[in-house]
Amino acid sequence: MLKRTIYDEEHEMFRRTVRKWAEAEVFPHAEEWREAGCVSREVWKKAGEQGFLCMYADEKYGGLGLDDFRYDMILAEEINPKEPGFFIGLHNRIVGPYLHKMGTEDQKARYMPGIVSGEIVLAIAMTEPGTGSDLGGVKTRAVEMDDHWVLNGSKTYISNGILAGLVIVAARTGDGHEIGLFLVEDGMEGFSRGRRLKKMGLQSQDTAELFFDNVKVPKTNVLGDPRRGFKSMMMNLAEERIMGALGFMARAEHAFGLTMEYIMDRRAFGRPIGTFQNSRFKMASMRTELDAGWALTDHLVREHLKGELSAEMAAEAKLFTSEVEGRVVDECVQLHGGAGYMDEYEISRLYSDARISRIYAGTSEIMREIIGRGLGLDERGRN
Ligand SMILES: Cc1cc2nc3c(=O)[nH]c(=O)nc-3n(C[C@H](O)[C@H](O)[C@H](O)COP(=O)(O)OP(=O)(O)OC[C@H]3O[C@@H](n4cnc5c(N)ncnc54)[C@H](O)[C@@H]3O)c2cc1C
């Protein structure tokens with residue numbers, strides 16, 4: 001088994017704190033949140049009280065001024081496998097960085113304190129009913145007026161869509177890839193939410209539709225250049241994908257651990273099923289894939305810490321780890337036999353939760369496109 005060396009003692013101390021906290025404040029509510037289709041608002045505030053939200057934020061906004069991606073990895077590793085619908089990673093490492101890196105002083109002063117305390121939950125709305133992979137095809141439109149923009153359109157499959165107090169909305173401001181990013185607040189006139197979408201997995205995640213009907217967005221709520229948001233989205237997607245990869249690995253690792261226990265406990269033909277050669281070989285293959293996945297992600301996190309993570313490498317991590325997760329949970333269900341199909345067994349949930357990993361944050365096909373184009377294999381041929 002691979003010995004991971006990405007963390008030092010301080011990280012491991014933090015892990016112990018997170019584990020204790022999650023065991024007290026998160027996991028006991030998992031069933032209730034699944035039923036509700038949404039985690040509670042309180043858990044966000046409690047995470048804020050612990051200092052777990054956007055640690056990189058400036059101290060003047062209540063943050064710790066601590067920009068070390070590994071603390072967010074630990075949150076993902078500890079929380080994600082047992083409560084995959086609490087999207088703390090989306091808040092911290094997918095949406096938060098947009099404000100942290102691109103926000104004006106005024107925007108940060110208005111929003112960062114609430115984002116850090118958990119009063120404001122974050123979401124990002126790119127996908128629309130008519131377009132997902134092809135982000136350049138966004139139809140939600142923003143039209144410039146004197147001191148504001150008017151937003152019209154709709155978004156779908158938006159994570160944290162029900163609880164979000166602030167949504168970064170991608171909207172067309174011109175032709176081609178001219179897209180702006182707009183900070184839309186809960187309560188703005190014309191902004192409404194549709195139903196909480198029922199899904200195959202991630203039952204406690206509040207995925208929703210969002211609607212914008214002549215929403216007046218003040219110019220002070222435009223994030224960055226209103227015509228160059230597409231580029232910002234592409235840049236931030238690399239961090240989103242490595243963050244995703246860690247969650248996939250953590251869930252796959254958890255599935256493996258559960259299965260190790262199960263196959264040593266369960267007996268057939270007078271012996272633990274784990275002692276059949278088939279089980280041994282399956283577990284060995286999975287262990288190898290998991291170790292390869294951790295080696296790749298940890299290596300890329302090191303690149304990321306140096307500011308050198310490329311879009312292609314982030315795509316490789318997302319592609320590989322999501323596919324490893326898919327294969328591992330499938331084999332683990334098989335090794336559980338009928339129990340693996342029963343909702344009361346964690347493995348059955350890990351299986352249905354895993355299916356989305358190959359789809360969101362860019363599908364496996366889009367990852368292959370990014371990697372392949374990086375090899376020079378696009379329509380124009382090799383340079
Ligand atoms: C649970 C969940 C949470 C989500 N959260 C968010 C969120 O918070 N914010 C947000 O903006 N979006 C979110 N999404 C949307 C998600 O990112 C998109 O669903 C995803 O990018 C795929 O887009 P699509 O659904 O439009 O599929 P499509 O783009 O219609 O793709 C359909 C199929 O065609 C394939 N395909 C498309 N283009 C190509 C190509 N060029 N070459 C080869 N194959 C191709 C795809 O790989 C896929 O297999 C979420 C989705 C889900 C299900």
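Into which domains is the protein divided? There are domain 1 (9–120), domain 2 (124–227) and domain 3 (230–374), with bounds taken from an automatic or database domain assignment. Keep in mind that this is a predicted model, where local features need pLDDT of at least 70, side-chain atom pairs count only at pLDDT 80 or more, and totals for chains, interfaces and linings use all residues. Residues are numbered from 1 along each chain as its sequence is written, and side-chain values use heavy atoms, leaving out hydrogens and water.

**Around the ligand**
- The ligand has 18 residues around it (a heavy atom within 4 Å), and Thr127, Ser133, Ser159, Thr363 and Glu365 are the closest.
- Both domain 2 and domain 3 give residues to this shell, so the ligand lies between them.
- Sorted by type, the shell has ten nonpolar, six polar and two charged residues (Ala, Val, Leu, Ile, Met, Phe, Trp, Tyr, Cys and Pro count as nonpolar, Asp, Glu, Lys and Arg as charged, and the others, Gly among them, as polar).

**Atoms that meet the ligand**
- A polar side-chain atom of Glu365 sits 2.6 Å from a ligand oxygen atom.
- The backbone joins in too: an N or O atom of Met126 is 2.8 Å from an oxygen atom of the ligand, and one of Tyr157 is 2.8 Å from a ligand nitrogen atom.
- On its own the ligand exposes 980 Å², and the protein buries 64% of that (Shrake-Rupley method, 1.4 Å probe).

**Where domain 1 meets domain 2**
- Taken over C-alpha atoms, the centres of these two domains are 22 Å apart.
- Their contact (heavy atoms within 4.5 Å) takes 25 residues from domain 1 and 22 residues from domain 2.
- Together they bury about 2,100 Å², meaning accessible area (1.4 Å probe) lost on being put together, summed over both.
- Of that area, 64% is on carbon and sulfur atoms.

Conventions: A polar contact is a pair of N or O atoms within 3.5 Å; within protein, one must be able to donate a hydrogen and the other to accept it, and residues adjacent in sequence count only if both atoms are side-chain atoms. Buried area is the accessible area (1.4 Å probe) that two parts lose on being put together, summed over both.
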